[in-house]
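Biologist: I am new to this structure. Please show it, and then take me through how to read its features.

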Amino acid sequence: MTPWRTLARTVLARPAAAPVPPVDRETASSLAGRLEAGAQTPLGRSLAVLHIDAGSCGGCEVELRSLRRAVYDLERFGVCFVASPRHADVLLATGPVTRNLVEALELAHAAMPDPKLVVALGDCAVDGGVFKGSYAIAGGVGTTLPVDLLISGCPPAPERILAGLRALLEANARSRPGISSR
Amino acid sequence: MTAFSIVEDRPIDGSGSQRQALTRDDWAQMARELSPPLVALWGDTRTVYALLRQPDGVRLVSTFVEDGGYPALSPARPIAAWFERMVHDLWGHTAVGATDQRAWLDHGRWGHSPPMAMRPGPPATAEPPEFGIAEDLDQILLGPVRGGIEPAAHLRLGVRGGTVEQLEAWLGYTHRGVLALMQGKSPRAAARFAARLVGETTVAHSTAFASAAEAALACDIPPRALALRQVMGGLEQILWRLDLASAVAEAADQPSSLAARNAEALRAAANLAFGHRLMMDCVVPGGVAADIAPGGVETIGRALRQVASPETNPDVRRLEAAVMALPEGEVFAPLPVASGEGLGHASGPAGDIWHWMSLDHGQIASVFMCDPGWVRWPLLKARMAGGQVDDLSHVLATLRLSSSGVDL
Ligand code: SF4
């Protein structure tokens, strides 16, 4: 029933699936408040996210923008958006990965520095969603790149995206020696 | 000639008209004339269709493809060029005499080409098209990955000393093959693709699609369903304008928290009242998927009062009145399994949306969905011509172009 249960089935963290603390369906502001508290623990630096539209309808972007805008104020919580793969820790792709975009996706991934984290955002990005079987799609980010985090939903609500990114942030912090998020 | 009716989300003249099947000569004659203006052009395996704007509504004409081609409309109607390239890449029909025959949707990455032809051949060449940027200009290449939270598209700017002299867009990166996926399905099953053509205008596209199905089957929907569609469409319209305000403010590096907060309040209310923040899949052929939730009327009313501002006031008040005055009754009437052809319209936030389908014993034989993106993308070139490179992000923010709507 809780979002956490559904999230748990869909969150995969590459560094040995770090357990994600439960995320209650609270108001955005209290969730944001908790995130802020979390972000004050030493995490090294914030996660730089490169968004790639790999055939999205734009619905996932609506929620991504909701998250970035005032209500959810993402950048205070250690997540910022960048325009170049060379500055990105995280590649966050939406859409079922159209065949026309596969090469651009691979090139962006290749140009990223480590840790090259990959997030598939939305049902389309998870496995092709309703577009499964089309001649024009590869069928999800996992067909093209190693995926660290799957966030399902069509589109996923901002709280859900936030919870996923937080899991990634913590897993990323844990994987760096000498840095702990606890 | 197929019986044909036009159904509008608001009544305008032109209902009860029929598709005119033109001879090759008549089509060629029409192609030479500057009017009526073109709204949309599409095809199927044997036919090409043109939707034309008339003073009193629209007119749909078609002609059979002969020897793999049809007379191009682009010489007299420049807006036809992208449509002609799309028709070529999906069905293989050549627009004879076209102003532009470069690849559009087909980037040479599909297993077969053209994918919707009766007998598709091997993949097309994977070379990008020649861009017509003059050699003495500096070129700026953007995309398809553009950072920010932008739709995939490739832009080429020809620049002299910071001034944009040329701009070309190449799209197709988000082509998902939706028309092929819809074929052979019932309108009910295909509605989820119409709902996912453009997420930000999902209600408007779903409404145009449902209207096309209802027109094809000559069915009316219950008054309460119609009223609920209008409420959802009105919410989407206000949300689009709030998001536009946010995007323009962000492009100027002055994020507006008020617009974002108001949009959030409306999406939360939509979620409570209709079960989805974007109201995706809520409008279906035959009516709406579910009645408004208990307490939904009050929730929507409260959210609308919260977001009311001088600019949005008349719309907000009208919408509030509509929510309060929902007629009683059913919200869905199943559609018969039958054959027919219909056109549906919705005035979406970004402009007119037209959907057309032909049904064969309850299954979609051919379908097309025309997003306002087809007329909005060319505005980018017009707005940037003679402008500064630095203006690009502001112009993009004001246009709010969707790639998926035209990429199909
Ligand atoms: S998951 Fe849904 S909202 Fe996101 S891109 Fe796919 S269809 Fe659109």
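Modeller: Begin with confidence, given as pLDDT (the predictor's confidence in each residue, from 0 to 100). Over residues 38-43 of chain A, pLDDT stays under 50. The model has 10 contacts (heavy atoms within 4.5 Å) for that stretch beyond four places in sequence. This is a predicted model, where local features need pLDDT of at least 70, side-chain atom pairs count only at pLDDT 80 or more, and totals for chains, interfaces and linings use all residues. Residues are numbered from 1 along each chain as its sequence is written, chains are lettered from A and ligands numbered from 1 in the order in which they are written, and side-chain values use heavy atoms, leaving out hydrogens and water.

Biologist: How should I read a stretch of low pLDDT?

Modeller: Where pLDDT is low, the predicted coordinates should not be read in detail. In chain A the mean pLDDT is 76, and 68% of the residues reach 70 or more. Residues 1-35 of chain A have pLDDT below 50, with 56 contacts in the model beyond near neighbours in sequence.

Biologist: Which elements of chain A have the lowest and the highest mean pLDDT?

Modeller: Elements are DSSP runs numbered from the N terminus: helices (H or I) of at least four residues and strands (E) of at least two. Helix α1 (residues 3-10) of chain A has the lowest mean pLDDT of the elements in that chain, 34, and α5(A) has the highest, 97.

Biologist: What is the mean pLDDT of chain B?

Modeller: For chain B the mean is 91, and 95% of its residues reach 70 or more. The pLDDT is below 50 over residues 1-16 of chain B, a stretch with 49 contacts beyond near neighbours in sequence. For the model, ipTM is 0.92 and pTM is 0.90.

Biologist: Which residues are around the ligand?

Modeller: A residue is counted if one of its heavy atoms lies within 4 Å of the molecule. From chain A these are Ser56, Cys57, Gly59, Cys60, Gly122, Asp123, Cys124, Gly153, Cys154 and Pro155, and B:Arg196 completes the list. The site is shared between chains because residues from A and B surround the ligand. In chain A, α3 (59-68) and α5 (123-127) each give two or more residues to this shell.

Biologist: How large is the contact between the chains, in residues and in area?

Modeller: Chain A contributes 41 residues and chain B 46. Buried area is the accessible area (1.4 Å probe) that two parts lose on being put together, summed over both. Here it is about 3500 Å², with 61% given by carbon and sulfur atoms. A:Arg69, A:Asn100 and A:Tyr135 supply 22% of what chain A buries against chain B, more than any other three residues.

Biologist: How many salt bridges are there between the chains?

Modeller: A salt bridge has a side-chain nitrogen of Lys or Arg within 4 Å of a carboxyl oxygen of Asp or Glu. Between chain A and chain B the count is 6. One of them joins A:Arg65 and B:Glu200, whose closest N and O atoms are 3.7 Å apart. On the side of chain A that touches chain B, β1 (47-53), α3 and α4 (102-111) each give two or more residues. The largest share there, 8 residues, comes from α3(A).

Biologist: Which peptide bonds should I look at in the backbone?

Modeller: The bond from A:Asp114 to A:Pro115 is cis, with omega near 15°, and A:Pro115 sits in the loop between α4 and β4 (117-121) of chain A. Also cis is the bond from A:Cys154 to A:Pro155, with omega near -15°. A:Pro155 lies in the loop between β5 (149-151) and α6 (158-174) of chain A, and is among the residues around the ligand.
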